[in-house]
Amino acid sequence: MKSEPQEFSIHDLQRKGKALWDGVRNYQARNMLRDEMRVGDRALFYHSNAGGETGVVGEMTIANAAYPDPTQFQIHHKYFDPKSSPENPRWVAVDVAFEKAFPRLIPLSLLKQKKRLAGMPLLKRGNRLSIMKLTKTEYDYITTLANSV
DNA sequence: GCCAACGTTGGC
DNA sequence: GCCAACGTTGGC
């Protein structure tokens, strides 16, 4: 799950313990939040658009299944969507819980070097989704990298 | 700041 | 439904 660290970082999540993962405004990503995420699922936290600090930074778990993203109804919020309504909400959010911050960032450049990660949507050309599935094998391998880099 | 690659909007 | 224009994402 991607977030720009200047917006919301792993350290923000660490401080809060639990947080609303809001602002997803892409249908494909929304469908994954809504249809595929269950309480207890594990997720990697990815810092996007972070200059030299772009990459995977930690782990979290899904603490609450998808429900309507409250920010879509807040007129002055940057995630406000005038086309959405409480009766017919368009966007959903989940709650995430902090698990761990890696001792150091796993840079995107390193992920790209690993042949066994080549199938990850994150590394596919042109992919801009902020929510992506990964296999258990990929997940475990990345957490291994976190401990060995 | 640049720009490729998308996604969305809206005229027709 | 087509498609041009525009907006966004996100790596570099």
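Biologist: Leaving aside neighbours within four places in sequence, which residues is G17 in contact with?
Modeller: This is a predicted model, where local features need pLDDT of at least 70 and side-chain atom pairs pLDDT 80 or more, while totals for chains, interfaces and linings use all residues. Residues are numbered from 1 along each chain as written, chains are lettered from A and ligands numbered from 1 in written order, and side-chain values use heavy atoms, without hydrogens and water. Contact means heavy atoms within 4.5 Å. Happily, that gives a short list for G17: V96, A97 and F98.

Biologist: How far apart in space are G17 and V96, C-alpha to C-alpha?
Modeller: In sequence, 79 residues separate G17 and V96. In space, their C-alpha distance is 8.5 Å.

Biologist: Is G17 buried, partly exposed or exposed?
Modeller: Buried means under 20% relative accessible area, exposed over 50%, and partly exposed in between (1.4 Å probe, protein chains only). Because the relative accessible area of G17 is 29%, this residue is partly exposed.

Biologist: Which residues surround DNA strand C?
Modeller: Here a residue counts as near if one of its heavy atoms lies within 4 Å of the strand. The residues around DNA strand C are K2, Y46, S48, N49, T54, L108, K112, R128 and L129.

Biologist: What share of the atoms of DNA strand C within 4 Å of the protein do sugar and phosphate account for?
Modeller: Good one to ask! Phosphate oxygens of DNA strand C lie 3.0 Å from a polar side-chain atom of K2 and 2.7 Å from a side-chain N or O atom of Y46. Sugar and phosphate together account for 71%.

Conventions. Polar contact = N/O pair within 3.5 Å; in protein donor to acceptor, adjacent residues only side chain to side chain.
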